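User: I would like to go through this model in questions and answers, with the cut-offs spelled out where they are used.

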Amino acid sequence: MLETLGGAFEPLARKVGRPIRQPMGDGYVYRYKDKSIYQAIIQKLSRVLTGLQAISVLNNAGLLQEQAALQRTLDEFGEDIMFLCFGVIFEEITDTHKEYLAAFYEEEFDNPDSAIASTQKRPMISRKKIRAFNSKDRGTGYDQSSTIEISRTINKTYSGYVHGASPQLMELYYGDPPYFHLGGGVDSPFYEDHVGDLLNYYYRAIHSFACAAKAFGEEELFAKILDYSVEFAMASGKESHLRETTKT
């Protein structure tokens, strides 16, 4: 799956041009000059790929809390990619898109001599607005309120792993006699649940790339990735996802 998506990433990245090198403090950084919506999509896709690799490593090591915490970031990347791609696909670039891109491209520090003296105040674009845009009924009869609530519930659940809520932390405590397993554990009673979750994130990533290919006007690549999503769903026992895909 990673090879397939990595192969899809390269032709899309070439379409947005190469970042340019520019001075920063005593060194240099690479930045996209145009700061376009397409370049933002590419950057978000890059983190989807590195994130998938990271949660795979963590799952294999039995570090399930850390896997789940990283999945929380993948949730946001997926929402962001859909938000940006839908804006292009449906020719509906809103003020929220413009605010999002302005915040996305804002430099972390605006004072090259001192990070402490920086006045940067990057605004946070409302997740509620992003989810509302993503969940609009665009002729499919989709239940917007239900879709938004599902996204909110997933976000809340995985935030518990990020911030260390007690119910999530207590998944570390098991065994006979029970104790806190601090070195990771593939013998955790929750391990298979997290394996299944891992496959969900792989599947969602495939559709993020399909959405990006559509936004870039790469219809052949779009069809290829969608075909692969069916193959992946069947091989991983995620046939139920196919019914959801058919709806959308």
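The turns below take up the core, a helix, some individual side chains and the backbone.

User: What kind of model is this, and which confidence limit applies to side-chain atom pairs?

Analyst: Residues are numbered from 1 along each chain as its sequence is written, and side-chain values use heavy atoms, with hydrogens and water left out. This is a predicted model in which totals for chains, interfaces and linings use all residues, local features need pLDDT of at least 70, and side-chain atom pairs count only at pLDDT 80 or more.

User: Which helix supplies the largest share of the largest nonpolar core?

Analyst: A nonpolar core here is a set of buried Ala, Val, Leu, Ile, Met, Phe, Trp, Tyr and Cys residues joined through side-chain atoms within 4.5 Å, where buried means under 20% relative accessible area, exposed over 50% and partly exposed in between, with a 1.4 Å probe and protein chains only. The largest such core has 52 residues, of which I42, L45, L52 and F209 touch the most other members. Helices that each supply at least two residues of this core include α2 (37-60), α3 (64-89) and α8 (191-215), helices (H or I, at least four residues) and strands (E, at least two) being DSSP runs numbered from the N terminus. The largest share, 12 residues, comes from α8.

User: Which residues does L52 contact, leaving aside its neighbours within four places in sequence?

Analyst: Contact is taken as heavy atoms within 4.5 Å, and L52 is one of the residues that touch the most other members of the largest core. With its neighbours within four places in sequence left aside, L52 is in contact with M1, L2, L5, L74, Y201, Y202 and A205.

User: How far apart are the end C-alpha atoms of α2?

Analyst: The expected span of a helix is 1.5 Å times one less than its number of residues. For the 24 residues of α2 this gives 34 Å, which agrees with the distance in the model, where the end C-alpha atoms are 35 Å apart.

User: Which residue caps the N-terminal end of α2?

Analyst: At this end of α2, a side-chain oxygen lies 3.4 Å from the backbone nitrogen of Y38. A polar contact is a pair of N or O atoms within 3.5 Å; within protein, one must be able to donate a hydrogen and the other to accept it, and residues adjacent in sequence count only if both atoms are side-chain atoms. The residue that provides the oxygen and caps the helix is S36.

User: Is R72 buried or exposed, and which side chain does it join in a polar contact?

Analyst: R72 is found in helix α3 and counts as buried because its relative accessibility is 14%. Leaving aside neighbours within four places in sequence, R72 is in contact with N155, Y158, S159 and V162. A polar contact of 2.9 Å joins its side chain to that of E76.

User: How many disulfides does a search of the whole structure find?

Analyst: A disulfide is a pair of cysteine sulfur atoms within 2.5 Å. For C85 the nearest cysteine sulfur, that of C211, is 4.0 Å away, and C85 is buried at 0% relative accessible area, while C211 counts as buried at 11%. For the whole structure the number of disulfides is 0.

User: What is the arrangement of the rings of Y28 and Y30?

Analyst: Rings of Phe, Tyr and Trp (its six-membered ring) pair if their centres lie within 6.5 Å, with planes under 30 degrees apart counted as stacked, over 60 as edge-to-face and the rest as tilted; by this rule there are 12 aromatic pairs. Y28 is partly exposed, with a relative accessible area of 46%. Its ring centre and that of Y30 are 5.8 Å apart with the planes at 90°, so the pair is edge-to-face.

User: Which residues are joined by a cis peptide bond?

Analyst: Most residues other than glycine have a negative phi, and most peptide bonds are trans. In this model P177 lies in the loop between β3 (173-175) and β4 (178-180). The cis bond, with omega about 5°, joins D176 and P177.

User: What is the phi of E91?

Analyst: E91 lies in the loop between α3 and α4 and is exposed, with a relative accessible area of 74%. Its phi is a positive value in a residue other than glycine, near 50°.
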